[in-house]
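Let's take a walk through a protein chain together. Have a look at the picture first, and then we'll go through it piece by piece.

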Amino acid sequence: MMNADGGRWIFRCLALGALLTAGSAVQAQSLRCNDVGVREGDSKVWLLRTCGQPAIADSYCARVLTNVPQPVPYPGYPGVPQVQQVPQVACVMTDEWLYERGDGYLPAVIRMREGRIISIRFGEQGRSEPR
């Protein structure tokens, strides 16, 4: 049987492990080109200036679900269920650029929206997330 101090120690270790795991999951990726770093949040212009033209560039309109409107009462009929409005699907222009970085380096896929880098992924060779 474990005493109270041993139980607290195990709990603290588990909590610390969970925090370290969560912290590493949200860490932003970065890419080095010509000894200069490019990271999420940087502009498309900075990426072009630092890394040059990509090997492959793609642009598409990514679907984005907007806020779901609140139900509205059906006018003139008390007790009738509320009408749920259908959520609207908008689209946001998204760019994906692939940089081949040479032998020994994984390719980098940079995704941008509204002129800013939103993600940097390595080793996917152009495999995209679902649009």
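## Starting at Cys91

Let's begin with one cysteine: Cys91 has a relative accessible area of 45%, so it counts as partly exposed. Keep in mind that we're looking at a predicted model. Cys91 has a partner, Cys61, and the two form a disulfide with their sulfur atoms 1.5 Å apart. The link joins distant parts of the chain: Cys61 sits in strand E3 (residues 56-65) and Cys91 in strand E4 (residues 89-99), 30 residues apart.

What about the accessibility of Cys61? With a relative accessible area of 32%, Cys61 is partly exposed. As for the twist of this bridge, the torsion about the S-S bond of Cys61 and Cys91 is about 85 degrees, so the disulfide is right-handed.

## The other bridge

How many disulfides does the count come to? The answer is 2 disulfides. Besides the pair we've just met, Cys33 and Cys51 form a disulfide, and here the sulfur atoms are 2.0 Å apart. Cys33 belongs to strand E1 (residues 30-33) while Cys51 belongs to helix H2, so this pair ties together parts that lie 18 residues apart in sequence.

Are Cys33 and Cys51 buried or exposed? Both Cys33 and Cys51 are buried. Their S-S torsion is about 90 degrees, so this disulfide is right-handed. If you count the bonded cysteines along the chain, the disulfides follow the pattern 1-2, 3-4.

## Helix H2 and its two sides

Now for the helix that holds Cys51. Which residues of H2 are buried? They are Leu47, Thr50 and Cys51. Looking down the axis of H2, you'd find these buried residues within an arc of 75 degrees, so they line one face of the helix. Turn to the face pointing away from that buried side, and you meet the exposed residues Val45 and Arg49.

What do the buried residues of H2 pack against? Their partners are E1, E2, E4, strand E5 (108-113) and strand E6 (116-122). Right after H2 comes Gly52, and its phi is positive, near 80 degrees.

## A loop residue just before H2

Go back a little along the chain and you'll find Glu40, in the loop between strand E2 (36-39) and helix H2 (44-51). Glu40 has a relative accessibility of 29%, so it counts as partly exposed.

Glu40 also shows how a chain can bring sequence-distant residues together in space. Glu40 and Ile117 are 77 residues apart along the chain, yet their C-alpha atoms are separated by 4.9 Å.

## Stepping back to the whole chain

Time to zoom out. The protein chain has 2 helices and 6 strands. Read from the N terminus on, the elements run α-β-β-α-β-β-β-β.

What share of the contacts with a separation of 6 or more comes from residues 24 or more positions apart? Such residues account for 49% of those contacts. Of the 131 residues in the chain, 20% are buried. The chain exposes about 9,800 Å², and carbon and sulfur atoms supply 56% of that area.

Conventions:
Residues numbered from 1 in each chain as written. Predicted model: local features only at pLDDT ≥ 70, side-chain atom pairs only at ≥ 80, totals over all residues. Heavy atoms only, no water. Helix = DSSP H or I, 4+ residues; strand = E, 2+ residues; numbered from the N terminus. Buried < 20%, exposed > 50% of the residue type's maximum accessible area, 1.4 Å probe, protein only. Contact = heavy atoms within 4.5 Å. Areas by Shrake-Rupley, 256 points an atom, 1.4 Å probe, with all protein chains shown as cover. Disulfide = S-S within 2.5 Å. Arc of directions from axis to C-beta.
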